[in-house]
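Please open the model in your viewer and follow along. We will select chains in pairs and look at what lies between them.

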Number of protein chains: 4
Amino acid sequence: MKQALVVGATGFGGLGLIEILTRHPHIAIKQLVARRDAGRPISEVFPHLKGVCDLMVDPAEEMKTDGIDIAFLSTPDRVGMSLAGTLIDQGIAVIDFSGDFRFRSEEEYAAYARNRGLDEHHTSPHLLKEAVYGLPEKNADSIRRARLVGNPGCFAICMILGILPAVSEGICATDTIICVGTTGVSGAGKNSGEANLYPQRHENVNTYREGTHQHTVEVENILSQAAGRSLKVLFVPQIVPLNRGILIVSYLDIVSGMDTPKVLELYRRFYSASPFVMIVDRSPGTAEVRGSNRCLVRPLVDARTGKCIVVSVIDNLMKGQAGNAVQNANIILSFPETAGLEHTPFYP
Amino acid sequence: MKQALVVGATGFGGLGLIEILTRHPHIAIKQLVARRDAGRPISEVFPHLKGVCDLMVDPAEEMKTDGIDIAFLSTPDRVGMSLAGTLIDQGIAVIDFSGDFRFRSEEEYAAYARNRGLDEHHTSPHLLKEAVYGLPEKNADSIRRARLVGNPGCFAICMILGILPAVSEGICATDTIICVGTTGVSGAGKNSGEANLYPQRHENVNTYREGTHQHTVEVENILSQAAGRSLKVLFVPQIVPLNRGILIVSYLDIVSGMDTPKVLELYRRFYSASPFVMIVDRSPGTAEVRGSNRCLVRPLVDARTGKCIVVSVIDNLMKGQAGNAVQNANIILSFPETAGLEHTPFYP
Amino acid sequence: MKQALVVGATGFGGLGLIEILTRHPHIAIKQLVARRDAGRPISEVFPHLKGVCDLMVDPAEEMKTDGIDIAFLSTPDRVGMSLAGTLIDQGIAVIDFSGDFRFRSEEEYAAYARNRGLDEHHTSPHLLKEAVYGLPEKNADSIRRARLVGNPGCFAICMILGILPAVSEGICATDTIICVGTTGVSGAGKNSGEANLYPQRHENVNTYREGTHQHTVEVENILSQAAGRSLKVLFVPQIVPLNRGILIVSYLDIVSGMDTPKVLELYRRFYSASPFVMIVDRSPGTAEVRGSNRCLVRPLVDARTGKCIVVSVIDNLMKGQAGNAVQNANIILSFPETAGLEHTPFYP
Amino acid sequence: MKQALVVGATGFGGLGLIEILTRHPHIAIKQLVARRDAGRPISEVFPHLKGVCDLMVDPAEEMKTDGIDIAFLSTPDRVGMSLAGTLIDQGIAVIDFSGDFRFRSEEEYAAYARNRGLDEHHTSPHLLKEAVYGLPEKNADSIRRARLVGNPGCFAICMILGILPAVSEGICATDTIICVGTTGVSGAGKNSGEANLYPQRHENVNTYREGTHQHTVEVENILSQAAGRSLKVLFVPQIVPLNRGILIVSYLDIVSGMDTPKVLELYRRFYSASPFVMIVDRSPGTAEVRGSNRCLVRPLVDARTGKCIVVSVIDNLMKGQAGNAVQNANIILSFPETAGLEHTPFYP
C-alpha cells in the first residue's frame, strides 16, 4: 500500500479523499492534517465516518512526511505554493486542489489571481514550469512523470471535457465559445458563509460572476493549447438548490459537413481510452453521475443555426475534485486509472 | 366588477388565476370550469383555497356565458381553437394560455405544432389574424383593442423581455441569439407525469429538447418583428429542483461602442413605462420575483468578447402565466395595468 | 393610520412585519431600526422588497419614538427587557418577539433562560406582571387592554393551539402530553450559522434538544392555566429540509366516551370565534398554510389505545411569528383581528 | 458465487438489490424479472447503471430457476404468496419484500391486510408457519435455518430497532408505545402516483394514516414477543421533502431507577453483536446513514416525566429494504453478515 497525506482534511475536498481512499485497494491514508478542527477525530467532525475512518486530525505543525508517497493538498489558494516545494524535494508526489499549480507561467497565474481577488504574485514561480495540469483525459502522459499536479477547477473539468474533442479535432469554427454552468451548493465548500444558508439557497436560482469566473482562465489555456490557436470562453455560472452536481451547456460554431451522428462518432473515438467519460445520445442529468467519477457528454448539431451544443455533467465533489485527484494519483503511482473509483452512481 | 370565466380551473394556470382574481379589485370569478375534478368545490381540489374560493368546478357542458366579460382558457393546446370563436362572437374577450393563438399564420402555427408533436392543422385559422400576442411590454396598444389574446409561453416571456430592448434598439449585431433557460418543476403543470415524481427531480438537473423547444418559434417571431430582420434563437432549457421560477441567460453580439452603463441606460429607457420590468445592475435570482408579476433583467457587456450577456428572471406561474394573463385582462378592460398584481415577492 | 416602529428589522421577524405592514390598511411603518445592516435601505438588504419598502435601516441610537403608536421588538432575548419600559412609559404599545415577556414571574423566566442558556436574571421584573402572553385565541381580552405583549414562540403557538381545547374542556385525562414538532430551517433565523448551511440541511432530518426545548416552559404554563392543574409536556423538535412550516403531532389520553366526531365538534366550538384556526377532518400539510396566518388542527381519537392524536400546522414566520404579532397589534389598536392578515396560502 | 434471481427488478427495491449485488463478493445476479419495462436492459430503465449492470429485464413468464440459490421478491403485496411455494420447493431460499410473509398466522395477516386495504385471505397459509420475520438483530438464528423470509417494512425496522432493547430487557413500564415517523418520498416507491409529484411534495410536510399505518401490526407482534406481554404501538407517519431516510421518535415509560447512562449501556450491550446498529449519545440525523445499512439509535431518559425517548434513523432503501434483505441473504447463505454491505454513508 502506498501512503497518503491529506492536508485540508476537514473540508469537502478532504472528505471526498477520505471516502475514496478508505476503500482504495492500493493507497492508504497515513495522516490527516487541517487547521480547522485539529485535535478531534475526523469521525467527530463528520459523524457519518464513524467506523470508516477514525483518525485524528492533526494541526499543520505536526505534519509528518516520513513514509509518505503522495500528498493531497485540499487547501485554499496560496497554501500549496508554500508547501509543495518541500514535499516534492522529499520525493513525495503532490496533488494540489487550488489554483496554485494550474498555470504554466506567472502571467497566467496573475490573470487567475486577479479574477479571484488574490495577491497576483506567485511565491514559488520555479514550480510552475514542472507542474502539470491534472486532467487525465488530456495529460495522462505528463501526469505519469509529474511530481506536482494542479488539480483542475470543478467547472473547468466539466467545460473542458465537453469541448475538448471539438477543438482538438478541428471541428470548432469559432473563436469564442459560450458556456452556461449550473452547480449545486457543495461547490462553494463546507463553510461557505451566509450566502449559502439553507433559506437563501432553497427555492432560488441565481447567476454570479457572469463572464469573470476564475475557472475561465484555465479552460481557455487548455482549449487554446489543444486547438493550436487562441480561443476565448464566455462563461456564466449559476447556483441551484442541489447538493452535488455540475451541468454545462456549451455552444460553438461547427465546421460545415458535420451532423450529430458524425460528432457523436468523433467524440466517442476521442474518449475511447478514457474510462470515466461516457458519450451519450440523450439528455444527461446530474443524478446519473452523482457519487461517481463519471462525466457524461452529449454533443449535438443544430443544423438550423450551424452550431454544436454540448451538454456535460459531473459530480463536482468527485470528477470535479477528489475523484479526479485520486485518478491523477493512480496514474502517478502506476495503478490502474480506475482503482478505487468504480462507484455506482448514487440514485435516487 | 367585471365577471370572469375560468376554463381549465384545476391546473396550475387556473389556480394562479383564482389566487389573483379573488383579490382583484375589479374582476370577479363567475364560474370555474374544468374536465378534471368537475363536480367538486375548488377548495377540495386545492385545500389551501378553503375560505378564499369555495366555488364548485363545473364540467365543460355546464359552461355559462351570460354576463361574462372575459374568459381565461387555461386549457391544453387545441382546446382554445374550438372555444374561442363562440365566446368572442358573444362579446367576451378571450385570453388563451396555450399555443393556439400565439401565431399570425397557419404556417407559424404548424411550425410550433411540429415542435410540440401536435396536429399541425389549425381548426380556426380565421381567428389567427385578429389574435394578439399577449406581451403587454410590446403589444399594449393592440391588446387594448383585442378580442382574442394568445398568452405567451413562460420561457418565451422571460427570453423576450431579456432580449427585446437590444434587438428593438439596434444594438444586437448577430443573427443567432443563444439562450439557456432554467425552470422549476411547476412549469410542467400540476399532473405532469412520472418524470416529475419527487425522487426523479430532487437532486437532479437535466436539459431537454435542446434546440427544439416549442417556445422558440414565438420568440423568433417577436424578436424578428422588433428587429425588422430575421433572427434565430438557439435555446436549451433545463429543469432544476425548484417549484417556481425561470432564469434565462442570453448572449448576443453587441454593436461596437456599447458598454454596460450604456446598455443599462438603454434598457431602463426602453422599459420606463413597463411597471413589472426592473432593470438591475447585480445578479438577479428567482427568489426575488417568486409569487410576483415582476421580471428582473440584468444586461451586461463583456468587453473581452464583444458580447452582451442578459440574465432575466420571472416566476413562471405569475409573469410566466396567470399574472401576465391578468395584466392583459387589465389592459383589455381598461383597468390600471397593475390592478390586482402588486404582490410582494414571497421570501424566503 | 397608526404608526409602527420595527426594531430588529433585518431578520426574518422584521421582514415578516415589513411584508405584512406595507399592505396593512390601518398600520404604517414609520421607522426601521436594526444593528445589523444599519445605514442601508431595507430593499438593499432584501432585494425583493425593492418598490415595496425602500426605507432606510437606522441604527439603534437613532430610534425615534415621536408619533409611534406601536413598537415591534423583533430582537434577540434580553434586548426587549431593556427597551420596553421606556416605550410603554411614552404610551407606545410594545410587542416583543423574544422570551423576555412570555412569563409572569421571575422564576418562570429563569426556567426558560436556563433551557436557553441565558442569564437567568430578568432586568425588568416589574414589567412581567403586566405583560400579556400574546396568544389571541386564549388571551384576546387581556391583549386588548395590554401595553406589553410577549409574542409566543413558534413551536409554542402550534402546540398550544393543538392541545388547548382538550385541556380547557376537560377531556384530557393525562398529566404528561407528548409532542413531536417538525420545523423548516427559517425557524432558526436569517443568520443562523454553519449548522444551517445548505449542504448540511438538504437531504437531512435530525432531532435536537430532545425534552429540553425552551418553548416547553411557556406551553406548560399556558396549558396548566387552562386545565386548572399542572400539566407537563415532553417535546422533541426536529428540523427538516423546508424553508417554512411547523407541524406538531401531540398525544394525550382522552376521557372515556369521546370519539373523533365528538372531539371535532368540541374543537370547532372552542375556536368558533377564532378566524385563523381551522379544524379539519383530514391530514393537514404545511403547504396549506404557507404564507398565511392560518393554523390547521386535526384532532382524532384512536379507540384502540384510548388516546387522542392532534396534528397542527402553521407557517412559522406568519402565525408562528410576525402574523401573530400583527394579530395582537390589531387587537390592541381596536382593528378587526384579521386586518392585513388575509393572505391566501402560497401554493405551490 | 451464489446466484440470485431478482423479481420486481425495476422498482426502488429491485434497484437497491442491483446496486448492492453488483458489488457483492459472494452473490451475483443471474436474472432480473419485472412486469414493468420487461424487454429493456436495466441500464436503459436506470441510466446510471450503464456499465454497472446491463442485464435485460425479463418478463415473469421467462423466469428461470435453474442454478438459482436465492430469490428476492421485490414485488407488491400478494405476488410473493403465489410464487414462494414453487421456489422453496426447488431448494431456492426466498426473501419477500411485501407483507405476505411477515406474519405467523392467517389472523395476523388479515389484520395487516385490512389496514392496507387488501384481500384479507392469504392464499398460501401453510407457508406462514415456516416464514421467518427477517430482522437479523432479533431473529438471526431462525433466519440461518429459514427457507422463506419476510423482509420487514421500512418504518417497522426503524421502530423495532429503537424500542427492542427496552422491551426485551424489561425497562419499558408502559403498554402503549408512542411513535412518530418521518420518511422521505422514495419510501412510496418509484411510480408512486400524483400525490408524489415534485410540486406537491416540495416545501410540504404532512402526516397520513395516523394510528392506522400497516407497519404497526408487525411492530406490535415483534415487540410483544420480545416483551412477553401484549404491547400496543400508536404510530403517526409523516412525509417530508427528502429522497431517502426514516427517523423515528419513540416514547415509553421507563421503570424507576434508570437514567440515560444506564439505558445507553443497556442498549450498547444489547446490540454488541449487531454490526449495523450504532448506539449514540447525540442527536442522529438521516444524513449520517444515507446510502448505508446502518441504524443509529439514541435512547435518553427524561427524568422530569419518567419517560424514555428513543430516536432511531435508517436509510429506508438500505436498512429499510434492500440492505436488510441482503443482510438476511448473507445469513442464510452463511456469508459474513456484512458482506457487500459496508457502504460509507453518502454525504453531503
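**Stop 1: chains A and C**

Select chains A and C. Turn chain C by 180°, with 0.0 Å of shift along the axis, and it superposes on chain A with an RMSD of 0.0 Å. The two copies are thus related as by a two-fold rotation axis. The same surface serves both copies, because 100% of the contact residues of chain C recur in chain A. Keep in mind that this is a predicted model.

Stay with this pair and show the contacts. Here 13 residues of chain C are in contact with 13 residues of chain A. What classes of residue does the side of chain C that touches chain A have? There are 4 nonpolar, 6 polar and 3 charged residues.

**Stop 2: chains A and B**

Now hide chain C and select chains A and B. In this pair, 39 residues of chain B are in contact with 39 residues of chain A. Color the strands of chain B next. Those that give two or more residues to the side touching chain A are strand 8 (176-183), strand 9 (206-207), strand 10 (232-239), strand 11 (246-253), strand 13 (295-302) and strand 14 (307-314) of chain B. By class, this side of chain B divides into 19 nonpolar, 13 polar and 7 charged residues.

**Stop 3: the axis between A and B**

How is chain B laid on chain A? A turn of 180° and a shift of 0.0 Å along the axis do it, with an RMSD of 0.0 Å. Select Pro241(B). Of the residues of chain B, Pro241(B) comes closest to the rotation axis, with its C-alpha at 3.2 Å. Again the same surface serves both copies: 100% of the contact residues of chain B recur in chain A.

Conventions: Residues numbered from 1 in each chain as written. Chains lettered and ligands numbered in written order. Predicted model: local features only at pLDDT ≥ 70, side-chain atom pairs only at ≥ 80, totals over all residues. Least-squares fit on C-alpha atoms with pLDDT ≥ 70 in both. Contact = placed C-beta atoms within 7 Å. Helix = DSSP H or I, 4+ residues; strand = E, 2+ residues; numbered from the N terminus. Nonpolar A, V, L, I, M, F, W, Y, C, P; charged D, E, K, R; others polar.
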